[in-house]
Each structure stands twice: as structure tokens, then as C-alpha cells.
Amino acid sequence: MEEKDDIYTKDGTVDYKGNPANKKETGTWRACPFIIGNEGCERLAYYGMSTNLVLYFKHRLNQHSAVATKNNQNWGGTCYLTPLIGAFLADSYLGRYWTIACFSIIYIIGMTFLALSASVHGIKPRCYAEDNCNPTNTQSTMTFLALYLIALGTGGIKPCVSSYGADQFDDTDEKEKKHKSSFFNWFYLSINIGALIAASVLVWVQDNVSWGWGFGIPAIAMAIAVCFFFSGTRLYRNQKPGGSPLTRLCQVLVASIRKHKIAVPADKSLLYETADAESNIKGSRKIDHTNDLSFFDKAAVEIQTDHLKGSVNPWRLCTVTQVEELKTIIRLLPIWASGIIFSTVYSQMGNLFVLQGEKMDTRVGHSNFRIPPASLSIFDTLSVIFWVPIYDRIIVPVTRKFTGHKNGLTQLQRMGIGLFISIFAMVAAAILEHERLKMIKRHNFYERKEVPMTIFLQVPQYFLIGCAEVFTFIGQLEFFYEQAPDAMRSFCSALSLTTVALGSYLSSLLVTIVTSVNAKNGKPGWIPDNLNKGHVDYFFWLLAALSVLNLGAFVLIANWYTYKRAVGTLR
């Protein structure tokens, strides 16, 4: 009987028919290629459409540099806020598989609509020359309608795919669990392979063939992504949705406030918990009690009135596991907040780095071939592709010998190293812009479209951001999955993604503030339409200073953090 039990997972996962997942027939690396392939194609579609978007706004929708930057950042931010919608549906009602399936359809509709808005006569903006377009309000509206449909579609997918891949490894099986960290590394590598093709091939198509094809190819890539995903249906392990996590969190808040005058017993074993081996939350193991944030323990203190009507009212009495869910989310919030500044730095690749590169010599060597400014992000991608295998195959085994930790570095240590590296990315960008402006001043190049400095001088800033990503973003992906309560993993993945949204919004806010403060009385300000007359280097120095302060705060928060301890199994 015990041998029969061993062939099934013990983390509550089921197969596509709803039966207990068989370890020998489902999950692990046999299922992951379909998930990783889906992510690679989806990211090719997303980056193929978004990498050059700021220039589409500027040259086709006839927007000023600051307006194009803000619109691009606001849309990019929305793409990382909508995951909260997808995560809520996945954790509460649909499960990750059906959430990905449903939102993929919305995604494809938005991508198709965008391709049509850039290619069909009457819908696409009328252009008289390269930089002389006159879009109607209707045409601009249609473009943004398509973009925000894409934002909704990607929101359903983003928080679910990485968590769904990690679900393929049984948390209660040490042999399977040790592969989970590697999955996150290779998952992020697939993202960047998609981004590599987007930044090299698709940006060139947009700049040299047409925007219609430049947006049409990503739509085709998204259709291929969906085919990849559905192909692996029989191999997937699925976590059952556990009901609304927001309701459970609110129940703990209400119950603890109702019992604010009641003392918590010194013996924590007296706190309320189900007698069964499993928790009362579908698809979730029990979580061990922790001593901090003890006010919320009041929600699990049993009093005589809790049992007057027979069954327990969850708005008056909550289990220890339910209380620990809320505590876990509260502990994650400061770590989450520290990712916002990093995301602000990261967002510059699609905005000010592109506008900076546009004012530099874009020729490759002495040839007539010109590289699109947005294609420099290829070096960020190459950096990630370079560092992921090195981290997985060299850094982890070497650091493991010194730290004794199974992953070499803890997830928080990994994230902190990335935050440190990101400071130097901004310093590199600021120094380059300072030197570019010195050349402009020395030779009076203010009205020149391109300054005779090769665009490849931007490579170090892109490469450093790529290196920082491998440490911070992958560490963040793994950290928020591992520390999330079992029935809130999509929600916590979405929470980590919102740092990218808030980073974009913060960047947009900073651009607005510096423009309103500096662009007065005829002064061009830091970020004018003609960057040769501005001081984008000051903006980069501002971000470097904020990154230093953010790193200091992160170190303090990381030292305070208490890790989650799950107990028991689900089979």
C-alpha cells in the first residue's frame, strides 16, 4: 500500500482528468519543455511588439519624447498590474491551466488587432514621410485599445506560467524539489531567448520593412505559444484552486480585530487548527506557527462563543494556517517594495536608453548597415543567456561549498547582489551621457541628428542590467513562489510582477516631476525632444542615488525576514 502511495504526488496536484497525479507519468522535466517553449514564444511576441513601441508612439503617433516615454511606461506598467486579476482567478476559481488558456485567447485578439491597426489602410496612421505622420484620434484610440487588450491578456498569463512550471515538481519530494531552482533559471533563459529574437530580428523588421509585419509576426508567435501549451496537457500536474485568498485574509483581519482584547496563550499549541493532517484550505498544506506579528494570532484563539452554533464561523475563528497566510503576505511586502526601484532602473532599457541611442552613431563599424537603437537590448538578453548557465553550473556549486545552502545563495542574498549590480548600470549610463554631452558642447553638435559616438558604447549599461536581472528577477521569481502559501502562489507571483508595473509608473512620475521642475522659462529641462540640449545624465544619476538608498533598505529588511515553514502533505 505504501509503495502504491509513493507513485502519487503528495502536494495535492492532480492530472488533467482530476485524478491524483502519477509521478511516473506527469510533471517534472517531461512536462516543463511545453511550459518553457510556451513562455519563449509568448515573450518573443511581447518583446517583439513592445521593445520598439516608444519609437512607434514618437514617429507614427506623432508624440513628443516625454509623452511617448510616459505612455510607453504607463502601458508597460499596466501589463504588470493586470496579473493581479489573472492570479485571483487562478488561485480562487479557475486554476492555473484554465486561466492561461482563457487569457491567451484575449492576448491573441489584442495582438491581431494591433497588427491590423498598423497595416490596414484607413486604420493605420497616414504618413507623408518617415517622421511626418498625422494620426486621427480614432486611429490613436484603436492602437491603445489593442495595446490594453494585450495588457489584459498578458496579465492572465504572467503570474501563472512560472508558478505552473514550478508546480510540476513535488514540494514534498526532496529529489524533485531540488530541480525547482534550476527550472526558474532555465525558465528565465527562455524569456530572454524570445527577447533576443525580438530585439534583433523584429525590431529590424519594424524599422526597415513595416510596422504591420513588425506587429504581425509577434501575433503569429503568440499563436505558436498557445499550441505549445496545449500540447503538454496530458503531462501537466494541476493544483486545485483553494477559494478566494482575499476572503481568507479579510477573515483573519476581522477575527483578530474582534478579539483585540483577548490575550494570546503562551502555549501556541492551544491555538485553533484542524485535527486532520491537511489544512482546511483546498490544495494547501498546513503552515507552522511563527512568533512575530502576534496580534493576528488572536484570530486563532478559541473562546466559548465560537462554538455556540455548532459549526465554526471563519469570520470569528481562523486556523493557524489561515493566520500564517496573512503573516506571510505582510512579511513579503517590504521585500516586494524594494523591487520597485530596481524595476525603475530596468524600465530605462525600453525608454531613455532607446532615446539616448537614437542620438548616437548607429552604424555597424564603417558599413552603411544601421542597428535600430532598440536592438541594443540584445546585449541585455545576451548577458542573461551568458549568466544563467554560469550561475546554475558554476556559482551555485562553488558557493554551496562555502555556505552549505542547497542553492548556494539564499534567494534574498541573490536578490541583494542584483540590486548592487544595478547601481553600476545607472552609473555607466550617466557617464556615457555626460561624455556625449561634452562632445556636443565642444563641437556645437546641438542640432545634429546623430553624434559621432558609436551606439555600442551603450553595451556596458545593457550588459550590467542583464547580469543584475539574473540575480534579482530570477531570485524574486523563486522567492515569491517558495514563500507563498500553497493556495496563493499565483497571487504572490503577481505581487512580485507588480514591482515592474510600479517601477514603470515611478519612472513616469519622475519624468513628469523633473520635466515640470526643470523645463521652465524657456529652459529645455533634463528630457527635451532634442536630447542634445537636455541632461538625461542627471536623471541617470538620480536613479543611481535612489538605487543606493534602496539597497541599504533591502539589507535591513532581509535581516528581519522570517521564512515560512510548511508542514505535512496533501495525500
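A crossing of two helices is left-handed if the near helix is turned anticlockwise from the far one by less than a right angle, and right-handed if clockwise. Keep that in mind for the stops below. The model on your screen is predicted.

**Stop 1: α2 and α9**

Select helix α2, residues 28-50. Add helix α9, residues 211-231. Their axes come within 8 Å and cross at roughly 165°. Angles over 145 degrees count as roughly antiparallel, so α2 is roughly antiparallel to α9. Turn the view until one helix lies in front of the other. The crossing of α2 and α9 is left-handed.

Now show the side chains between them. On the α2 side, the contact includes Phe 34, Cys 41, Leu 44, Ala 45 and Met 49. On the α9 side, look for Phe 215, Pro 218, Met 222, Ile 224 and Phe 228, among others. Colour the contact by class. You should get 14 nonpolar, five polar and one charged residues. Glu 42 of α2 is part of this contact too.

**Stop 2: α2 and α8**

Keep α2 and hide α9. Select helix α8, residues 180-208. The axes of α2 and α8 are 7 Å apart, and the angle is about 30°. Angles under 35 degrees count as roughly parallel, so α2 and α8 are roughly parallel to each other. This crossing is right-handed.

From α2, pick out Trp 29, Ile 36, Arg 43 and Tyr 47, which are among the contact residues. From α8, the contact includes Phe 183, Trp 186, Phe 187, Ile 191 and Leu 202. By class, there are 14 nonpolar, six polar and two charged residues. Leu 44, Gly 48 and Met 49 of α2 take part here. They also appear in the contact with α9.

**Stop 3: Phe 215 and the core**

Centre on Phe 215. Which residues does Phe 215 touch, not counting those up to four places away in sequence? They are Met 49, Leu 53, Tyr 56, Met 111, Leu 114, Ala 115, Ala 118 and Gln 206. Gln 206 belongs to the α8 side of the contact with α2.

Zoom out to the largest nonpolar core. It has 149 residues. Those with the most contacts inside it are Met 49, Trp 75, Phe 215, Ile 335 and Phe 539. Mark these five for later.

**Stop 4: Thr 28**

Go to Thr 28, in helix α2. Its phi is near 50°, a positive value in a residue other than glycine. Is Thr 28 buried or exposed? It counts as buried, at 16% relative accessibility. Leaving out residues up to four places away in sequence, Thr 28 touches Gln 168, Phe 169, Glu 176 and Arg 237.

**Stop 5: Asn 444**

Jump to Asn 444. It lies in the loop between α14 (411-443) and β7 (451-454). Asn 444 is not a glycine either, yet its phi is positive, about 55°. Asn 444 is exposed, with a relative accessible area of 57%. Thr 28, by contrast, is buried.

**Stop 6: two serines**

Select Ser 422 in helix α14. Ser 422 is buried, at 2% relative accessibility. Beyond residues up to four places away in sequence, it touches Phe 342, Val 345 and Ala 468. Draw a line from the C-alpha of Ser 422 to that of Ala 544. The two are 122 residues apart along the chain but separated by 8.2 Å.

Next, select Ser 338 in helix α11, residues 320-347. Ser 338 is buried as well, at 4% relative accessibility. Leaving aside neighbours within four places in sequence, Ser 338 is in contact with Leu 419, Asn 550 and Phe 554. Draw another line, from Ser 338 to Gly 552. These residues are 214 apart in sequence and 9.8 Å apart in space, C-alpha to C-alpha.

**Stop 7: α16 and α17**

Finish with helix α16, residues 489-518, and helix α17, residues 536-560. Their axes are 12 Å apart, and the angle is about 130°. That makes α16 oblique to α17. The crossing is right-handed.

Which residues make the contact? Ser 507, Leu 510, Val 511 and Val 514 come from α16. Phe 539, Leu 542, Leu 543 and Leu 546 come from α17. The tally is seven nonpolar, one polar and no charged residues. Phe 539 is one of the five core residues you marked at the third stop.

Technical notes:
Residues numbered from 1 in each chain as written. Predicted model: local features only at pLDDT ≥ 70, side-chain atom pairs only at ≥ 80, totals over all residues. Heavy atoms only, no water. Core = buried A, V, L, I, M, F, W, Y, C linked by side-chain atoms within 4.5 Å. Buried < 20%, exposed > 50% of the residue type's maximum accessible area, 1.4 Å probe, protein only. Contact = heavy atoms within 4.5 Å. Axes fitted to C-alpha atoms, helices over the stretch in contact; angles between N-to-C directions. Helix = DSSP H or I, 4+ residues; strand = E, 2+ residues; numbered from the N terminus. Parallel < 35°, antiparallel > 145°, perpendicular 65-115°, else oblique. Nonpolar A, V, L, I, M, F, W, Y, C, P; charged D, E, K, R; others polar.
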